[in-house]
Amino acid sequence: MLQGSHITVRYGDRTAVDDLSFHLREGQWMMLAGPNGAGKSTLIEAIAQGIPYTGTIEWQGRDIRTLKPAQLARCIGVLAQKNAVGYAYTVEEVVGLGRYAHKTGFLSGECEEGKAQVEKALEMTGLTALRHASMLTLSGGETQRVFLAQVFAQNPRVLILDEPANHLDLKYQQYVFTLIQSWLKEPGRAVLSVVHDLSLARRYGTHAVLMDRGKSVSQGLVADVLTPDLLSWVYEMDVCLWMRDMLSQWESR
């Protein structure tokens, strides 16, 4: 569905993404993992056409540079890590902005299908009761769920998520990841996400790309990529020992 070939992003003399290629196929949830500064979020920005890059990114064989913004938005939905809100729109209004790519004209009204998609997105993300609340009154976790609902209302084929659990407490981390997992079960869908929590990556991912210093260290099935040896090498610590030690605090209770 989505293919990147030799993607390189440079900021002056610094190379943030270095000749990276990947394939995202239908039904896959690909996790981008790696330490801070590995280039994960930069790769997401490149796919979203937010920054210049060399190489090619293709949507079903077509260079996405050739797609108009509305065309691209009907194919790919992006949830950024940070979503600042400085306006008093309601939750429902912000979620409804996800339908913009499906409008036939600037002044065209919302069709019944669009209204149904907004309603479904509010229900899926547990925001129905907050639909008339001002965005300025929401917590960080509630705001994150609003923008996730906006992406669901957009009804894309591929979800691109940069830290989807950002600002969420444990209950809603589980809720959101399970929700995305359910969304992925529909035919013709795929997910690509940046996740710092390796436990979440192992639990929900089907595939992974392990990055370090802008390069792809390993790609493939998540169990083959997020291995003790590879993680220890990339993170420069015994990751599995650390995580087992953290888990052991609960075993005696």
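**Exercise 1.** Is Arg131 buried or exposed? Then find the salt-bridge partner of Arg131 and place both residues in the chain.

*Solution.* The model is predicted, and each value below is computed from it.
- Step 1. The relative accessibility of Arg131 is 14%. The cut-off for buried is under 20%, so Arg131 counts as buried.
- Step 2. The side chain of Arg131 meets that of Glu119 in a salt bridge, at 2.8 Å from N to O.
- Step 3. Arg131 belongs to the loop between α4 and α5, while Glu119 sits in helix α4; the two are 12 residues apart, and the pair links distant parts of the chain.
- Step 4. Glu119 has a relative accessible area of 34%, so this residue is partly exposed.

**Exercise 2.** Describe how helices α4 and α5 pass each other, and list the residues that make the contact.

*Solution.*
- Step 1. Locate the helices: α4 covers residues 112-124 and α5 covers residues 140-154.
- Step 2. Their axes come within 8 Å and cross at roughly 145°.
- Step 3. The crossing of α4 past α5 is right-handed.
- Step 4. On the α4 side the contact is made by Gln117, Val118, Ala121 and Met124, and on the α5 side by Ala149, Phe152 and Ala153.

**Exercise 3.** Work out the setting of Arg213: its place, its backbone angle, its accessibility and its salt bridge.

*Solution.*
- Step 1. Arg213 is in the loop between β9 (207-212) and β10 (215-221).
- Step 2. Its phi is near 55°, which is positive although the residue is not glycine. Most residues other than glycine have a negative phi.
- Step 3. With a relative accessible area of 58%, Arg213 is exposed, because the cut-off for exposed is over 50%.
- Step 4. Arg213 forms a salt bridge with Asp212, and the closest N and O atoms are 2.8 Å apart.
- Step 5. Asp212 has 12% relative accessibility and therefore counts as buried. The bridge thus pairs an exposed arginine with a buried aspartate.

**Exercise 4.** How many salt bridges does a search of the whole structure find, and which residues form one network through shared partners?

*Solution.*
- Step 1. The search finds 6 salt bridges.
- Step 2. One of them joins the side chains of Arg65 and Asp63, at 3.7 Å from N to O. Arg65 is partly exposed at 39% relative accessibility, and Asp63 is partly exposed at 21%.
- Step 3. Salt bridges with shared partners join Glu92, Glu119 and Arg131 into one network.

**Exercise 5.** Find where Gln28 lies and which residues it contacts, leaving aside its neighbours within four places in sequence.

*Solution.*
- Step 1. Gln28 is in the loop between β2 (14-24) and β3 (29-33).
- Step 2. Its relative accessible area is 10%, so Gln28 is buried.
- Step 3. With those neighbours left aside, Gln28 is in contact with His23, Leu184, Arg189, Ala190, Val191, Thr206 and His207.

**Exercise 6.** Which residues make a nonpolar surface patch of about 360 Å²? Place Met243 and Glu236 as well.

*Solution.*
- Step 1. The patch is made by Met237, Trp242, Met243 and Met246.
- Step 2. Met243 is in helix α10, residues 239-251. At a relative accessible area of 31%, Met243 is partly exposed.
- Step 3. Glu236 lies in the loop between α9 (228-235) and α10. Glu236 is exposed, with a relative accessible area of 64%, and its phi is near 55°, a positive value in a residue other than glycine.

Definitions and conventions
Residues are numbered from 1 along each chain as its sequence is written. This is a predicted model: local features need pLDDT of at least 70, side-chain atom pairs count only at pLDDT 80 or more; totals for chains, interfaces and linings use all residues. Side-chain values use heavy atoms; hydrogens and water are left out. Buried means under 20% relative accessible area, exposed over 50%, partly exposed in between (1.4 Å probe, protein chains only). Contact means heavy atoms within 4.5 Å. Patches are made of residues with over 30% relative accessible area and no salt bridge: like charges are joined within 9 Å, nonpolar side chains (Val, Leu, Ile, Met, Phe, Trp, Tyr) within 5 Å. Accessible areas come from the Shrake-Rupley method with a 1.4 Å probe; for residues, only the protein chains shown count as cover. A salt bridge is a side-chain nitrogen of Lys or Arg within 4 Å of a carboxyl oxygen of Asp or Glu. Axes are lines fitted to C-alpha atoms, for helices over the stretch in contact, and angles run from 0 to 180 degrees between N-to-C directions. A crossing is left-handed if the near helix is turned anticlockwise from the far one by less than a right angle, and right-handed if clockwise.
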